[in-house]
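Please open the model in your viewer and keep the sequence panel beside it. The stops below go from single residues to the whole chain.

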Amino acid sequence: MRPTHPHPVLALAALTLLLAACGTQGGGDAGDGGTVSPSPTKHSQGCGTAPAELGTADTGRTYCLRTGGTLRLALDGTAARPWTPVKADGGSLEATNSGIVLRPGDASAAFRAVSAGTVHLTSSRPLCATQPHRMSCKGLQEWTVTVRVTRP
């Protein structure tokens, strides 16, 4: 008689079910502040109304802002994983005083809409904390928001 062995396909199916049961849990890291921005309302231009303050959860979104309006943003980082200063490419927004005291690793900015146009706001920070005499990664977490400034 031949000894019976479990079929390899059954073992693979059991492993797949076990891994699927474990699942993954989404969420940020300790530096994101745990805040979620409200869902933007849609305009005919395909962008949402900018909330009072943008944060890390707003990355990849497009917002509309009327000339004369102000946009503030705060990116919560850590000393080990600091955000770079926010850059604005385009002339439709003018930097203004953000008026906020920062903790090490945070990035804060405020802009006033001065003319119609499109501006891309960007910042980045390391994916991994850098520690002396330890392995580190070279990856970056990028943050980007598009702002369309419109006339009133």
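Buried means under 20% relative accessible area, exposed means over 50%, and partly exposed lies in between, with a 1.4 Å probe and protein chains only. This is a predicted model, in which local features need pLDDT of at least 70 and side-chain atom pairs count only at pLDDT 80 or more, while totals for chains, interfaces and linings use all residues. Residues are numbered from 1 along each chain as its sequence is written, and side-chain values use heavy atoms, with hydrogens and water left out.

Select Ser124 to begin, which you will find in strand β8, residues 117–126; strands (E, at least two residues) and helices (H or I, at least four) are DSSP runs numbered from the N terminus. Is Ser124 buried or exposed? Ser124 has a relative accessible area of 14%, and therefore it is buried. Now display its contacts (heavy atoms within 4.5 Å): apart from neighbours within four places in sequence, Ser124 touches Pro82, Trp83 and Thr84, as well as Leu140, Gln141 and Glu142.

Move next to Gly46, which sits in the loop between α1 (8–22) and β1 (48–49). Because its relative accessibility is 46%, Gly46 counts as partly exposed. Add Arg148 to the selection and draw a C-alpha to C-alpha distance: the two residues are 10.0 Å apart in space, although 102 residues separate them in sequence.

Finally, select the whole protein, which has 1 helix and 9 strands. Of its 152 residues, 28% count as buried, and among contacts with a separation of 6 or more, 62% join residues 24 or more positions apart.
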